[in-house]
Structure formats: structure tokens, C-alpha cells
Amino acid sequence: MTDVLQLQQISKKYAKQHVLKNISLSVQQGEFLALIGVNGAGKTTLIKTILDFEEADTGQITIFEQSHLKPQSRQTLAFLPEQFKPPIFLTGLQFLKYIAKLHQIPIKLDDIKKLCSQLDLDSEVLHKPIKKYSKGMNQKLGLVSCFFTQKPLLILDEPMSGLDPKARAYFKHYLQNLKQQQQTVFFTTHLLFDIQTLCDRMAILHDGELRFIGTPQQCCAQYQTDDLEQAYLRCIGADCISG
């Protein structure tokens, strides 16, 4: 299978702190890969490095076999940051039109309304100023802005942040449909149950190091438990809390 995203020996250091240590990872075409880790493990820094928001000290990154340093390589992806904050002086629709202009793609209102419905966002709120949106509405707008671009690679940093249980269910159902269409998704999450239902593989990042890469089933087998949460805790050396 084709590697959509490939990282080779990526390291990043702030002052004397090694945030990323020789990270090598690939995401294949049509794969859902989840990156998990405690707060401060280096997940967001790794994503910023992929997007060239941060400069790696060592290593190479390619996106569809092009260096991530080339702007055209990033034209193949859509990104949702962990703290999505659209301009509050715009309406939701104005923001989506702005995103469409940036990506040089047409915007079809019927398609936008359908996508909003699939993500549990009332399309009527698109005509309201974003400053009146709740956190959950903001997050749904961010997801809509990623999905309607139809980019072959989606990079989502904590995409379920701020979503209520109903919206999470809608979002996961939408992702499952994308999976059937061979969409490639690389995302971070703290929700281990969602990894079991959505992902082909998972990568555990701890103290800037990749401790595990493989399927959820392989993770459980490696750490000799049927429970993914316990396998994760054992991987990062925190299984003592299980008693």
C-alpha cells in the first residue's frame, strides 16, 4: 500500500527538553491511525512538525512522497487544530466560503447542509455570527470545514473535543462512512473505545517516544490483557493504578 504520510527519525528539542525522540511512523492510504498519549506527550508538537508549523531538529517527513517543506505537499490535506477558533466576526457560512476560497474549490450550499445534518449541526446557525456559537457548535463547524474540502488526507487533533454524546455518535458514523470510501485519517484522541471501533492502527506516544505501533488487538496481546485501557497503561508504565 502507498504511504500517504511518512516520518523518519523526527526529533525536536526545546532548550534542554527532548519533546520528540527519533519518531518514525507511516500512515498508509485508506488507513485510520490514531495517535494517543497523555497531555504533554508530544502529540500536538508532532502534528505541528508535520505541518511545518514547527521545525524538526532532525529527520524527514513526506506527504504523498513530497517533502512536507514544500507548500504543494500540504495542498493534499485538511487540518483541524486541537483548539479550533474561527473568526468570531464572521458567520459560519462566511467562514466556510473563506475556506473554499483558500482551497480554490466551489462551495455548494446543498452539500454543506447535508454535511451539517450528518454532523448534528443545524444548518440555520451558519447564518449566525460565530461569536454566538457554543464550543460544540464551533467544533462541528471546524469538522464541516475539513470534510467538505474532500482532501485525501485528514489530520485531526482531538476532533471530538467539545462534542456531546449525540454529536460524537454522528461524527463516528460519518467517519465509518469515510472509511468505506478509503479516506485516510490521522488523528489524536484520548478516547480508547473509539480507537477500537474506528482505527486500523494506533500509535502510543509517551515522553516524546513511540512506545507502540500496531492494531488495538496487537497492543492487548503484547501487554497480555483483553482490556485496551490496561494495555495502554502498561505500555506507559502506569498499570499500577489498576490495583
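## Close-up views of a predicted model

**View 1. Helix α1 packs against an antiparallel sheet in this predicted model.** Helix α1, residues 43–50, lies across β1 (3–14), β2 and β4, and runs at about 115° to β1. The sheet is open and consists of four strands in the order β2-β1-β4-β5, with antiparallel pairing. Its edge strands are β2 (17–28) and β5 (66–67), each of which pairs on one side only. Two bridges connect β5 with β4 (residues 58–63) in the antiparallel sense. Across this pairing, Ile63 stands opposite Gln66 of β5.

**View 2. His68 occupies a buried position in the loop between β5 and β6.** The relative accessible area of His68 is 8%, so the residue counts as buried. Residues up to four places away in sequence aside, His68 touches Thr49, Ile50, Asp52, Ile61, Thr62, Ile63, Ser73 and Arg74. Of these neighbours, Ile63 is also the residue opposite Gln66 in β5.

**View 3. Phe53 and Phe79 form an edge-to-face aromatic pair.** The whole structure contains four aromatic pairs. In the pair formed by Phe53 and Phe79, the ring centres are 6.1 Å apart and the planes enclose 65°. Distant parts of the chain are linked by this pair: Phe53 belongs to the loop between α1 and β4, whereas Phe79 lies in strand β6 (residues 77–80), and the two are 26 residues apart. Phe53 counts as exposed because its relative accessibility is 55%. Phe79, at 25% relative accessibility, counts as partly exposed.

**View 4. Two separate nonpolar cores are present.** The largest core has 54 residues, and those with the most contacts inside it are Leu126, Phe147, Phe171 and Ile204. Phe147 and Phe171 also join Tyr174 in one aromatic cluster. Neighbours within four places in sequence aside, Leu126 is in contact with Thr91, Gly92, Leu93, Leu96, Ile112, Cys116, Leu121, Tyr133 and Leu141. The second core has 23 residues, including Leu5, Leu7, Leu46 and Ile50. Leu5 and Leu7 fall within β1 (3–14), and Leu46 and Ile50 within helix α1 (residues 43–50).

**View 5. Strand β3 is joined by parallel bridges to β8 and to β9.** Five of the five residues of β3 are buried. Phe32, Ala34 and Ile36 point one way from the strand, and Leu33 and Leu35 point the other way. In a regular strand, side chains alternate between the two faces of the sheet. Four bridges join β3 to strand β8 (residues 184–188), where Phe187 stands opposite Ala34. Four bridges also join β3 to β9, and in β9 the residue opposite Ile36 is Ile204. Ile204 is one of the residues with the most contacts inside the largest nonpolar core. At Phe32, Lys179 lies over the face of the ring, 4.7 Å from the ring centre.

**View 6. Helix α8 is mostly covered by surrounding elements.** Of the eight residues of α8 (residues 228–235), six are buried: Leu228, Gln230, Ala231, Tyr232, Leu233 and Cys235. The elements that cover these residues include β3 (32–36), α6 (192–198), β9 (201–206), β10 (209–214) and α7 (216–222). Among them, β3 and β9 are themselves joined by four bridges and run parallel.

Conventions: Residues numbered from 1 in each chain as written. Predicted model: local features only at pLDDT ≥ 70, side-chain atom pairs only at ≥ 80, totals over all residues. Heavy atoms only, no water. Pairing = 2+ DSSP bridges. Contact = heavy atoms within 4.5 Å. Axes fitted to C-alpha atoms, helices over the stretch in contact; angles between N-to-C directions. Phe/Tyr/Trp six-rings, centres within 6.5 Å; stacked < 30°, edge-to-face > 60°. Buried < 20%, exposed > 50% of the residue type's maximum accessible area, 1.4 Å probe, protein only. Lys NZ or Arg CZ within 6 Å of the ring centre and 35° of its normal. Core = buried A, V, L, I, M, F, W, Y, C linked by side-chain atoms within 4.5 Å.
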